[in-house]
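Colleague: Could you walk me through this one, please? I would like to start with the pocket and then turn to the backbone.

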Amino acid sequence: MSSPRERQVFPLVPRRKLVGLPFGDLPSRRRGVGSDVIGTRPYEFGDPVSAIDWFATARLSAATGEDEFVVRDRAADEAPRVALVCDRRPAMGIVPESLPWLSEPSTLGEATAAIVASAIHARSDVASLDFAEGDAHWLPPGRRETPWLVAERQVDAPFDAPERNVEEALVFLGQRRHDLPTGAFVFVLSDFLVQPSPDAWQEATAHGWDVVPVVIQDPVWEQSFPDVGGVVVPVAEPGSGRVSFVRLTRREARARRARNERRLASLLDELTSFALEPVLLSTSDPFEVDRAFVEWAELRRQSRWAR
């Protein structure tokens, strides 16, 4: 997996326009340099002249008969928080890098590196959640070492999470609203062959998060299906890794191809129906993964400003 520092970063483009704030930034509870005016206060030594509210200064000086300067007090602008939900079902980890097909663990690692690099570039706090080993492994935002712990987690954690762990993760995040305020980006990385329920998607978007499904599927065996009629195909069982040999007829192979293609189209349609804009990854090549995220951000930027 490439280091986050080596990636081609993409901008964190919010789905909705933010009024009165810099592009992609959110207001902070901290006072500081920013664009959101939250009040006024008396001038203090060291305040920049550009911060002086001349109309308020003129009114106060006229009322007191003395030179009284007033400055605008602003909230510091901060980048939105970024959380990653990583699907670690056994089926996500069954294809090793040695085979000529998509290794979903490798793609998961490369996608994580791309997201973390872009979050660091945007000065965003990073968080991560998965259910490897059956329990929630939550790396909360706000710690300096978290981005590197997130990357290391993709190498060390096993693929043994429950089947519906993505939906469990969305529920878990809903109980951590203080860590993920409105406007936070939630990247959900999965093959989505086990999809969250419509209620789970609706609840997640109702929190005001910018939810981004990252669909990781092999273009040969999951998005479609090869013409293997009459050929003995080894099939590995998720979890145990036990290999069985299956022979399909040409008709069965065509039928499976049609089902897989309909399944992908149905998934993308469903995500679009919730106003979600997925990223489809069909390779673990770092350059192609970075390009997919850059293209996603550019399309989102164009559609947002077209509204």
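Colleague: Which element gives the largest share of the lining of the largest pocket?

Modeller: A quick note: this is a predicted model, where local features need pLDDT of at least 70 and side-chain atom pairs pLDDT 80 or more, while totals for chains, interfaces and linings use all residues. Residues are numbered from 1 along each chain as its sequence is written, and side-chain values use heavy atoms, without hydrogens and water. A pocket is an open set of points on a 1 Å grid over the protein atoms alone where a 1.4 Å probe fits, with protein on both sides within 12 Å along at least five of seven lines, and lining residues have an atom within 4 Å of a point. The largest share, four residues, comes from a strand (a DSSP run of E, at least two residues, numbered from the N terminus), namely β8.

Colleague: How many of the lining residues are nonpolar?

Modeller: The lining of the largest pocket has 27 residues, with Trp221 and Pro234 among those nearest its centre. Nonpolar covers Ala, Val, Leu, Ile, Met, Phe, Trp, Tyr, Cys and Pro. Beside one polar and six charged residues, the nonpolar count is 20.

Colleague: Is phenylalanine 192 buried or exposed?

Modeller: Phenylalanine 192 sits in the loop between β6 and α5, and its phi is positive, near 60°. Buried means under 20% relative accessible area, exposed over 50%, and partly exposed in between, with a 1.4 Å probe and protein chains only. Because its relative accessibility is 2%, phenylalanine 192 counts as buried.
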